Structure formats: C-alpha cells, structure tokens
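Trainee: I am new to this structure and would like a close look at a single part of it. Could you take one residue, go through its surroundings slowly, and then place it within the rest of the chain?

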Amino acid sequence: MLSVSCQMYPEPLNLSSPLPPSPPTAALPTKQISPLITSSTTTNNNNHNNNNNNNNIVIVNNTGNIISRYNINNNNNNSYVKSRKVNWVQLSGHENTFAFGGPEILYKKCKPDGHEVIAYKSLMEEVTMKPFIPMYRGTVTVNESCFIAIDNLLYPFDNPFIMDIKMGSRTFLEDEVSNDEPRKDLYEKMIKLDPNSLSSEEKSNRAITKLKYMQLREQLSSSSNLGFRIEAFKQTESKQTAAKDLSFVKTRDEVKICLQKFLPTRRDQLNALVDRLQSIQSSFQKSAFFSTHEVIGSSLLMVYDKSKVDVWMIDFAKTVPLPRDVTIDHVSPWKLGNHEDGYLYGLQNLISIVKEF
C-alpha cells in the first residue's frame, strides 16, 4: 500500500514584533498609504532607541494619532501575535520577507515598481479577479526596502487549516535558464537530490546547466506531470501528521493522500472549496491581465476553519508580461521559447482531484 507522509508547519514563522509603546522620538510618519497605515524611518543619537525606531511600520488612526509601531526586522517574542485571535503562519517562501502592519494587514518585501506591484495594481482593476486576490493597500518604503501592504488573509479565521499550492508546470522564468554554461555547483545539488536523473556525460563532466537542473528538480514533484505541487500545509493541533519533504510528492495517488490529510470532511465545505476553485478558473480565463502574462511561482492559498472556507491567488513576483508576438493558453506543455506556464492545466487537475473526495 502506498504510504506518503506530508510536511506541515504547526508553528508561526517569520513574525514581526511590536516595539515599546512609547511615542516616536523623531518626525511623525512621512507617507500614508491608507487611513490606518504609514511608514516611518527615524533616527536617534541613543543606540538603543535607534535600534528600536529604525525600520518602523507605524499604525495611526484617521486623526494622525499613533496606535502602535512595528519593526520590520525584529522577529523575536511576538506578544502582539500571541494576543491576536489567530496566529499568522508563513508556510513557505524566503525568511524575513513578511511583517505585520496591524491585525488585518500584512507587509511583504517587494521591488519598487516590480512585477508584483504591477500585478496587484492591475488585478485590483479587474472586477472578476479582485475577489480572489488579497486586497492591495499600496506600498511603503522602510530603510530603503519596499513592502507591499496587503490584507492578512488569515485574520478572519479561527485556528485554520492552511495549504500553499504552487501552481504551474514550472517555477522558473525562461530568462533564468538562458545561460547554457554547465555549472558544478548545480551538479552537486542534483547529486544530493536525485543522482539517478543525471546522464553519464553529466556525471563525467560533474556539471549541468541551470535549465537542466531546474527541469530535473521540477520532475521530482507533481509540478511536471500535474501542473501543481503541494508546497506546504498546516493542520490544527488535533490533526497532526509526520514531516516529509513535499518536493518528492509526485504521482496523482501521492497527491491525493496529502490532500486527504488536509481537506475538510464536511460535504458542504468540500463543495464550497470546489466552487471557489472553479470560480478562480473561470475568472482567470476571462482576465485581460493573465491573457498577456505568464504566471510563474504563484500559489493558491487554501484556508478553512469550522465555519469558513476560502481560496486566494497569491505571490506574483514572477508574473511577467509576455513578449509582444507570443500568446499562451496556460494549458499547453512548456518548451523553451513558448512561455507556457501550465497554470490552468494545474488548476484543472487540482479541481478534478478535489472532486474525487
């Protein structure tokens, strides 16, 4: 009998901590992006105060009075998070890229005027797509670092089940694999992952190209054959599971076993989940933005608790415009140069599997 043990993350990761409640020692916030959120970079001759006040996110009310301040780089004892209705959990992604901007707002590092900022701005203008995207609140710049302000999607939930599903048949841009120079460092990485996937020539040369490495890595997971992979998931304390690297969950049966450990058992919640996925699929197909962009490295975030079920599209840092002479259907297999991403192919497979429950 097939046995797959799936990875989960029961503890909150990458949280920002509140600063002492004393008033700021320098100028009031300099840039307001919503009635409640501003950014502030302050200086002070006292080193201790300077450490506390640099890189601040400042929460103010409509009259400009400061409610609280948060430090982007301080991820220690988070009393603010402990007192909240629900702990925020980062399931995957790079560390030190998220911070709180208050109970309902999340800050994520970005590139100023980068692809993710453009994607959020554009998708907020599409009536059909807007319900499936975290609400975009603007950007703040703190100590020369740019952050997107978006809704904290977990805030309305009570001790939720959470799953991050990486969509698409590839997670790398074509530009990232344009260099065909064989690399010894990538060979060493592949030896650790799957030495059997290397050819005799590659073993002899002890080097592989980045394209080959990225393709081989994708082939180890369900990204290559199903168009999506389960990146991570969190269960409640009452439903634990052993840890395993999800990178090697590949077959349809293995994916089903992981989903079975996560998905709700109530029929009404399963139906709501399928309805939401199908609505995302339909809206994606009608989207003017996605018709002109390849969607790489984006995820679906599934969340549910005892009373609510929801799914959102997240992560658009690699959602880039297509070349002028290229059109894609998000379903066809990818070949270098055709820019297909497999997003809708993966979504259709995901819907099909969830329906089987």
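What follows is a walk outward from one residue to the chain around it.

Trainee: Where is the place of R170, and which residues does R170 touch?

Mentor: Please keep in mind throughout that this is a predicted model. R170 is found in the loop that runs between β10 (161–167) and α4 (184–193). With a relative accessibility of 1%, R170 counts as buried, because the cut-off for that word is a relative accessible area under 20%. Its side chain reaches the backbone oxygen of E340 at 2.9 Å, and a polar atom of that side chain also lies 3.2 Å from the backbone oxygen of H339. If residues up to four places away in sequence are set aside, R170 touches E218, E294, I296, G297, W334, H339, E340 and D341.

Two of these neighbours lead us further. H339, whose backbone oxygen was just mentioned, has its place in the loop between β15 and α11, and it is buried, with a relative accessible area of 12%. The phi angle of H339 is near 65°, which is a positive value in a residue other than glycine. Most residues other than glycine have a negative phi. H330 also has a phi near 65°, again positive and again in a residue other than glycine; H330 is placed in the loop between β15 and α11 and is buried, with a relative accessible area of 4%.

The other neighbour to follow is E218, which R170 touches and which belongs to helix α6 (residues 210–219), where L211, Y213, M214, L216 and E218 are buried. The buried residues of α6 pack against α4, α7 (223–226) and β11 (228–234), and α4 is the helix at one end of the loop that holds R170.

From here we can turn to the nonpolar interior. The largest nonpolar core has 51 residues, and L277, F290, L300, M302, M313, L347 and L350 are the ones that touch the most other members. Helix α11 (residues 343–355) gives the largest share of this core, seven residues. For L350, leaving aside neighbours within four places in sequence, the contacts are I165, F228, L259, L277, L300 and M302. Apart from this core lies another, of 13 residues, which includes L186, Y187, M214 and L220; M214 is also one of the buried residues of α6.

Aromatic rings make up a further layer of the picture, and the structure holds eleven aromatic pairs. In one of them, the ring centres of Y120 and F316 are 5.4 Å apart and the planes stand at 85°, so the pair is edge-to-face. Y120 lies in helix α3 (residues 115–124) and F316 in the loop between β14 (309–314) and β15 (318–321), so this pair ties together parts that are 196 residues apart in sequence. Both Y120 and F316 are buried. In another pair, F262 and Y304 have ring centres 5.4 Å apart and planes at 75°, so this pair is edge-to-face as well. It links distant parts of the chain, with F262 in helix α8 (residues 252–262) and Y304 in strand β13 (residues 299–304), 42 residues apart. F262 is buried at 0% relative accessibility, and Y304 is buried with a relative accessible area of 7%. F262 and Y304 also belong to one aromatic cluster together with F161 and F233.

Rings take part in contacts with charged side chains too. The charged end of K308 sits over the ring of F157, 5.4 Å from its centre, while K256 lies over the face of F357, at 5.8 Å from the ring centre.

Finally, it helps to set R170 against the chain as a whole. The secondary structure comes to eleven helices and 15 strands, and 50% of the 357 residues count as buried, R170 being one that does. Among the contacts in the chain with a separation of 6 or more, 70% are between residues 24 or more positions apart. The chain exposes about 17,400 Å², and carbon and sulfur atoms supply 48% of that area.

Note on methods
Residues are numbered from 1 along each chain as its sequence is written. This is a predicted model: local features need pLDDT of at least 70, side-chain atom pairs count only at pLDDT 80 or more; totals for chains, interfaces and linings use all residues. Side-chain values use heavy atoms; hydrogens and water are left out. Helices (H or I, at least four residues) and strands (E, at least two) are DSSP runs, numbered from the N terminus. Buried means under 20% relative accessible area, exposed over 50%, partly exposed in between (1.4 Å probe, protein chains only). A polar contact is a pair of N or O atoms within 3.5 Å; within protein, one must be able to donate a hydrogen and the other to accept it, and residues adjacent in sequence count only if both atoms are side-chain atoms. Contact means heavy atoms within 4.5 Å. Rings of Phe, Tyr and Trp (its six-membered ring) pair if their centres lie within 6.5 Å; planes under 30 degrees apart count as stacked, over 60 as edge-to-face and the rest as tilted. A charge sits over a ring if NZ of Lys or CZ of Arg is within 6 Å of the ring centre and within 35 degrees of the ring normal. Accessible areas come from the Shrake-Rupley method with a 1.4 Å probe; for residues, only the protein chains shown count as cover. A nonpolar core is a set of buried Ala, Val, Leu, Ile, Met, Phe, Trp, Tyr and Cys residues joined through side-chain atoms within 4.5 Å.
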